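Me: Please take a close look at how helices pack in this protein chain. I am a first-year student, so explain each term as you go.

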Amino acid sequence: MKKLFWIIDEEWSDYETEIEILKETFPDCEIKMSNYNYKEDLEKFGYKADGILAQVYADIPKTTIDKLENCKGIAIYGGGYDRIDIKAARNKNISVTNVQGYCAEDLADYIIAAMYLFNKKIEYFYNNLDSKFWGAPAVKQNIKRLSNQKLLIIGFGTIGKILAKRVSSLGIKVLAYDEFLSEAEIKKYNVEKVSWEEGLKQADYISINLKGCDENIDKLSMKDFKLMKNTAYIINTARGKILKEDDLIEAVKNKIIAGAVLDVIKTEPPAGDEAILHCDNIIVTPHISYISEESFKDLKLKTLKNLIDMMNDKKPIDLVN
């Protein structure tokens, strides 16, 4: 039977990979595309889709899922699936998949770049160049070697492990907090397992690598920032809702902590007037830490494999419901 595949996306500039692989696997299939405002398309053709490829920003609530008549699977381009009602999908025997680990190297590189940004302050010195203050007089604050500092990784999964390997090679001592892994498992990576409080108190840099599940909403708030050194920095490449943003802004403004680099914020995309975008020593980038040619290719191939497995009644490796 001829299959209909529905792509819901506003990120990709082309779908050559999707079309090539889907046509090769299902020669007579039809492929339709929609943006995130897909209500009319749902009524026209989306309800007949056998499989859906959806960007992480696409909302697929119960009201949409209830209208799907033939769908066997929804494959998400990325790790986040909080905009999909996975319970409603399972109630209709619709499988939902995400993709984990495809951009672990890219995220690790971004986190290390953020550490160097804070440590070497190249952008600061460039923007404050003054010929009257050259050499040592230009440095207003003490700068410590990275090899004498500590990184706390909160959430020691695939990304955390790759980050630890890269950072350890720089001589930085790596700590990890993960409630699901034993001390012995973490020690295999030459990393010290610490409690929540111990890690926050010791770290010079904190990398957040937790899942964006409901249990992790506002995981770090003022009580946690007060445990940190006033010279410590937070780097978040996971999900914006893990940090209580109002508390973070207050902590940075009051010098309870030194600052933060955030590639994710609570409202994405932002309107532009959010307070988190206008706070000194909080640097926000537009959710790009995962991007590279290699990560895009890997993401598309793994997402397509998940979709094809679901169409062929195979259990995909990235099933989330």
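Reply: What follows goes through two helix pairs, then the domains and two backbone details.

This is a predicted model, in which local features need pLDDT of at least 70, side-chain atom pairs count only at pLDDT 80 or more, and totals for chains, interfaces and linings use all residues. Residues are numbered from 1 along each chain as its sequence is written, and side-chain values use heavy atoms, with hydrogens and water left out.

Two packed helices are described by the angle between their axes and the distance between the axes. Axes are lines fitted to C-alpha atoms, for helices over the stretch in contact, and angles run from 0 to 180 degrees between N-to-C directions. Helices (H or I, at least four residues) and strands (E, at least two) are DSSP runs, numbered from the N terminus.

Start with α5 (104-120) and α7 (residues 158-168). Their axes are 9 Å apart and the packing angle is about 50°, so the two helices are oblique to each other. Angles under 35 degrees count as roughly parallel, over 145 as roughly antiparallel, 65 to 115 as roughly perpendicular and the rest as oblique. The crossing of α5 and α7 is right-handed: the near helix is turned clockwise from the far one by less than a right angle. Contact, meaning heavy atoms within 4.5 Å, involves A104, E105, L107, A108, D109, I111 and I112 on the α5 side and T158, I159, I162, L163, R166 and V167 on the α7 side. Sorted by class, these are nine nonpolar, one polar and three charged residues. Ala, Val, Leu, Ile, Met, Phe, Trp, Tyr, Cys and Pro count as nonpolar, Asp, Glu, Lys and Arg as charged, and the others, Gly among them, as polar.

The second pair is α1 (residues 16-25) and α12 (residues 293-311), whose axes come within 10 Å and cross at roughly 30°. These two are therefore roughly parallel to each other, and their crossing is right-handed. From α1, T17, E18, I21, L22 and T25 meet K300, L301, L304, L307 and I308 of α12. That contact has six nonpolar, two polar and two charged residues.

The domain assignment, automatic or from a database, gives domain 1 (4-101 + 293-312) and domain 2 (103-284). Seven residues from domain 1 and eight residues from domain 2 make the contact. The C-alpha centres of the two domains lie 33 Å apart.

Finally, the backbone. K121, in the loop between α5 and α6 (122-127), has a positive phi of about 55° although it is not a glycine. The peptide bond from E268 to P269 is cis, with omega near -10°.
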